Amino acid sequence: MYNRTKLFLHKNVYSKNTDDIFFGAVRENIEWHISHCVKYARLLETQGFTLQKLKSYEDIYRLPPIPTLFLKKHELFSMPLQKIHMQSTTSGTSGTPVKVGFDKSAMLLGLNMLRKTFFYHKMISAVPTNYIVLGYEPSTHNHMGAVRTAYAATLLAPPLHREYALKDTGTEYVLNEEGVLNALITYSKKPFPVRINGFPAYLYFLVEKLKQEKIRLSLHPKSLIFLGGGWKKFAAQKVDKQTLYKMAEEQLGIAEQRFHEFFGVVEHNVPYCDCKNHHFHVPVYSRVLIRDIHSLEPLPYGKPGLLNLITPLLKSMPLTSILTDDIAVLHRGEECGCGISAPYFEVLGRAGLQGIKTCAAGAGSMLEELK
């Protein structure tokens with residue numbers, strides 16, 4: 001897969017001149033999966049898709065996206081399981097978790113992608129750092145992608161100490177509210193930066209607790225906050241981004257420009273890091289389409305619809321084009337004003353159960369055909 005390697009080794013994370021390479025990588029990727037995954041080949045056949053329909057970059061939208069609901073019911077592998085080097089799962093908060101396996105080449109290319117992305121956004125530092133992880137402590141019985149992502153984020157600067165909001169007892173997780181508060185107070189007295197990463201809902205609960213306890217900290221000026229994973233089951237308590245950032249700035253003493261947010265899904269494997277204006281620009285490693293919730297036809301800039309994520313990273317599973325249940329809108333890069341010319345998207349919310357069913361129905365008879 002020459003084009004895939006060339007794409008993921010590209011020197012510029014947000015270059016506008018990679019359409020030909022991206023198309024070549026997608027076509028190679030689909031050709032591989034058709035010849036190595038019988039279920040995927042049949043799935044494309046039920047949708048009336050053939051490789052002949054991928055003649056140029058403009059044809060990428062013709063590739064039938066796989067709804068995440070489909071992956072909850074069907075496993076699709078293009079390699080023997082013994083060649084899968086690592087597996088991650090979704091949280092399973094909306095039902096059966098999805099298992100995603102990584103081949104060795106994808107892991108190596110993915111690490112290079114992460115290195116360049118984090119370097120571009122100035123997340124990598126050589127300064128020793130203390131961490132608050134607003135999520136799960138790593139465990140041998142937890143394979144969720146969010147857990148591995150949160151841990152990996154603690155390697156962007158040399159970790160002095162990590163304190164987790166959810167501690168592993170060996171059989172379950174327990175809330176570690178007192179431990180997090182004590183760690184924060186201790187960290188604030190040290191001459192080292194503090195990095196807080198994890199779920200935005202947990203940050204909200206943390207700063208609310210600090211406010212109730214009348215604790216106002218002044219963390220090291222090089223400290224960072226980076227969030228991801230959405231509000232999930234705490235959607236009812238959700239506050240807008242700017243409100244949350246202001247609250248955290250007041251209680252922790254971290255300037256708003258030191259806040260970052262990531263968007264990602266386990267089934268897609270490309271991270272989206274926000275720019276200085278807090279927008280998710282699309283890197284060279286992927287493309288984003290917004291599709292009509294009923295017809296699944298691609299929509300123009302500015303029109304909300306279902307978020308369709310495309311990347312040719314994996315050889316292990318045919319997850320080239322994934323249809324999420326997120327409602328989003330795509331904008332031209334120039335509308336942001338941060339200096340990145342690549343398009344950016346905003347996530348407006350979830351389609352909900354009915355929306356997910358509509359996705360599956362709109363994608364055709366995939367679920368029935370492959371039972």
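**Group meeting: helix α5, the seven-stranded sheet and the cysteines**

I start with helix α5, whose buried residues (under 20% relative accessible area, 1.4 Å probe, protein chains only) are A106, L109, G110, N112, M113, K116, T117 and F118. This is a predicted model, where local features need pLDDT of at least 70, side-chain atom pairs count only at pLDDT 80 or more, and totals for chains, interfaces and linings use all residues. Residues are numbered from 1 along each chain as its sequence is written, and side-chain values use heavy atoms, with hydrogens and water left out.

Helices (H or I, at least four residues) and strands (E, at least two) are DSSP runs, numbered from the N terminus. Helix α5 covers residues 104–120 and spans 25 Å from first C-alpha to last, close to the 24 Å expected at 1.5 Å times one less than its 17 residues. Its buried residues are covered by elements including α1 (2–8), β9 (259–263) and β10 (contact: heavy atoms within 4.5 Å). Just after α5, K122 has a positive phi of about 60 degrees.

Now the sheet. It is open, with seven strands in the order β6-β5-β4-β7-β8-β9-β10 and mixed pairing (pairing needs at least two DSSP bridges). At the edges, β6 (173–175) and β10 (272–273) each pair on one side only. Strands β7 (194–198) and β8 (224–228) run parallel over four bridges, with R195 opposite L224.

Last, the cysteines. How many disulfides are there? Zero, taking a disulfide as two cysteine sulfur atoms within 2.5 Å. For C273, the nearest cysteine sulfur, that of C275, is 8.9 Å away; C273 is buried at 1% relative accessibility. The sulfur of C336 lies 3.5 Å from that of C275, its closest, which is too far for a bond. C336 is also buried, at 11%.

Terms used:
Buried means under 20% relative accessible area, exposed over 50%, partly exposed in between (1.4 Å probe, protein chains only).
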